[in-house]
Amino acid sequence: MAQKKGGKSAASDDPEELARTPLQAVLLADTFNLKFRPITLERPKVLLPLVNTPMIDYTLAWLESVGVEEVFLFCCAHAEQVKEYIGNSHWGQSHAGFSITTIESNFSMSAGDALRFIEGKNVIRGDFILITGDTISNMSLTEALQAHKDRRKKDPDTVMTMFVKRSKPMPLTHQTRLGNDEIMMAIDPETKQLLYYEDRFDCSKRAVTLDKSLLADNASLYLRTDLEDCCIDICSPEVLTIFLDNFDYQHLRRHFVKGLLHDDIMGKKIYTHEIDSSYTARVDNYRSYDTISKDIIQRWSFPLVPDVLYAGNRAQMRLQREGIYKAPDVTLSPSVRIGAFTAIGSGTIIGENSSVSNSVIGELCTIGRNVSIDGCYIWDSVTIEDGCRLSHSIVCDGVHLHTGATLEPGVILSFKVEVGQNITVPAYSKVSLLPQPSKQDSDEELEYADTNSGIIDSPSIASISPANIEHDHVSSFDTEQSVLLEGGLSGVGYIWTSCETGNEEEWRYSVAPIPVEKLKEFYAKMFDEDESSSDGEQTGITHSGELISESKSTDFDDSDGEYKGDVSKFEKEVEETFERALGGVAEENVQLEINSLRMSFNVTHAECAGAVFQSVIKSAIIASNSSKSNLLKATIDAIERSKGLLSYFITNVDEEIEVILKFEEMCMEITREFAPIFSSVLHQLYDKEVITEDAILKWESEKADADESDKVFVKQSEAFLKVFSHLNFSTGVSVLQRLYGAMTSLKLL
């Protein structure tokens, strides 16, 4: 389509008027995709609860925190629900920190249509924030906003600044990326201008085709596959004009961004701003829903956490030990077991001998006796009768699970579905009261149901037989929604069929943990391809992704020609992986993830052992609630809990010594609260067989000629070390005999 070279903008170029222009934001309350069906057939995605708070509350809270004064809320699917919620909430009141104006369009089918509709309203008067209502962030906007304005003054062709963040180095280590398309970006290392963008990059091809003019026009550029698009942009008003002039622009990235980058006539420029320490994520699919929920509970998104974020519509929860959040009026039987990183909403009742771990329970839920809930998201007003078993599933408002029902991992039960007595719902099943539409847009641009598309002949949940009846669980395709079977009510709801690949690919997008065999497949494939592919020197691409000439130096170690990773960044990645492991990830998966991190950052085995140990010790601080009196006990518990993981990564004396040195470093720098109990923790590491006497004695020997300031912890451990110095290390004498003899000679017995 022919493009117009310009267009009038509603904004003024006068500096004084620009200074008076309030900071505005366009918030898209419709995500224009189908990834949360069947749930979004009945409720808009932005109103779905994320740790018992609607997603849009997180977005609005962030906009308020960064100083936005006017928000234009675009509604399409379920617009009345969105407007009603805003009107009844804190955000719709006069004392809110900004004004919200809703803009409704029932005919917009894409983000491009939405922005063209907003341009027609002529409400944007200056640079504005463009964001979707399923985005969570706690980052500051000050630096990026000022940089954007400065670039605009120097170059009027600057139209957008995109926020990006560094993701995990491999899809194996970041579960949310397995649910998203891989992204390839080319960025100018000096100006941070975006030069190339591919949102459906196929990493398996191990190659990328670039226009030769891109290389000819730029002295150097970074090719990045380790960045995630935060889906937050600072836009000039001209962005709306460009959409208006180009009706074929529908998708924000696939059409608009790529269109501008390939346009030589208009010359418009897009820049990137990479965030580092802040948290930003978008709930793009069920897997990212699970990951972000865990991040919120573990307080990575602070202050957007359950005990702080409070808009007045729901009872505020209180934080307790081990990351447990509870509303004040929760009723728990004395025998109930609540595991770490769990949230329980107001008015919920849980019966005798039930257990809940790594889960979020909504308000006004009734949970019976002997119920097991692990890794689930139970929304409001759900009834779960005695003896039910739920694992890594989403259960929407008003669902009723009858006695003995079982939900296998990955199940989605939409609103008011019923599951009968002793029924087992198979893994990755989606069940809804609404039949599945027969037509679903291939480009995923429509969130709500197309009433003219017809429906698929879906099996009813009533066709699943109770566990005590032996025949296939989906043997009939009933047209009625509920059927009475021998053994009790089987259920109410339609089972939706999966995509063309069936359940084979459902694990990618599910709240269920990634199967170990799938992780191993990724792990093996990636390193098989690494070994068979070129080492990067022939293409002129460094490990960082920078295209450079052969004469330019790199970050390789001159001693052996090997690329050395950033150990501090590696330690941070390991710590985040370990934190998520505390939320219920299988130890075997954690081992695979940390191993892949070690290979990606190219750190030594000893450095990896030190990083794992540091993560374990840091977890004790959280468990102790920063109480010095509880710190030693919490540390002992943390070592015992992670003994298997530590043993896996600490396999020889060198790695054991690295652990002791790492602990010394922690006590002197980042976690000084451990300094008084260094010798006690060292003793526990020995007792738990994490480190051996050989490592302890070699550590002492290495410190013999050190400065006095480096012997602080050796001196603190003198009593413990004297035991080893009197041990008889001759063969045939047991450790207990040696220890007894040494302690006798020291008159300790």
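Strands, as the term is used here, are DSSP runs of E with at least two residues, numbered from the N terminus. The model is a predicted one, and with that definition in hand the walk through it can begin at a loop near two of these strands.

Pro 38 belongs to the loop between β1 (24–28) and β2 (49–50), and the peptide bond that leads into this proline from Arg 37 is cis, with omega near 5°. On the other side of β2, in the loop between β2 and β3 (53–54), the chain passes through Asn 52, a residue that is not a glycine and yet has a positive phi of about 65°. With a relative accessibility of 6%, Asn 52 counts as buried, because buried means under 20% relative accessible area.

Another loop, the one between α9 (286–297) and β15 (318–320), holds Pro 303, which is joined to Phe 302 by a cis peptide bond with an omega of about 10°. Arg 299 is also found in the loop between α9 and β15, and its phi is near 75°, a positive value in a residue other than glycine. The relative accessible area of Arg 299 is 26%, so this residue is partly exposed.

A contact between a charged side chain and a ring can be seen at Lys 165, which lies over the face of Tyr 279 at 5.4 Å from the ring centre.

Further along the chain, helix α11 (residues 567–581) packs against helix α13 (residues 605–623), the two axes being 9 Å apart and meeting at an angle of about 50°. The two helices, α11 and α13, are therefore oblique to each other, and the crossing in which α11 passes α13 is right-handed. On the α11 side the contact is made by Val 567, Phe 570, Glu 571, Val 574, Glu 575, Phe 578 and Glu 579, while the residues that α13 contributes include Cys 608, Ala 611, Val 612, Gln 614, Lys 618 and Ile 622.

Turning to the aromatic side chains, the structure holds 15 aromatic pairs. In one of them, Phe 663 and Phe 678 have ring centres 5.0 Å apart and planes at 15°, so the pair is stacked, given that planes under 30 degrees apart count as stacked. This pair links distant parts of the chain, since Phe 663 lies in helix α16 (residues 653–668) and Phe 678 in helix α17 (residues 678–687), with their positions 15 residues apart in the numbering. Both Phe 663 and Phe 678 are buried, and for Phe 678 the relative accessible area is 0%.

With which residue does Phe 678 form a tilted aromatic pair? The partner is Trp 699, at 5.8 Å centre to centre and with 40° between the planes. Phe 678 lies in helix α17 and Trp 699 in helix α18 (residues 693–702), so the pair ties together parts that are 21 residues apart in sequence. Trp 699, too, counts as buried, at 0% relative accessibility.

These rings belong to a wider grouping, for Phe 613, Phe 663, Phe 674, Phe 678, Trp 699 and Phe 713 form one aromatic cluster. Phe 678 thus appears both in the stacked pair with Phe 663 and in the tilted pair with Trp 699.

Note on methods. Residues numbered from 1 in each chain as written. Predicted model: local features only at pLDDT ≥ 70, side-chain atom pairs only at ≥ 80, totals over all residues. Heavy atoms only, no water. Phe/Tyr/Trp six-rings, centres within 6.5 Å; stacked < 30°, edge-to-face > 60°. Helix = DSSP H or I, 4+ residues; strand = E, 2+ residues; numbered from the N terminus. Buried < 20%, exposed > 50% of the residue type's maximum accessible area, 1.4 Å probe, protein only. Lys NZ or Arg CZ within 6 Å of the ring centre and 35° of its normal. Axes fitted to C-alpha atoms, helices over the stretch in contact; angles between N-to-C directions. Parallel < 35°, antiparallel > 145°, perpendicular 65-115°, else oblique. Left-handed = near helix turned anticlockwise from the far one by under 90°. Contact = heavy atoms within 4.5 Å.
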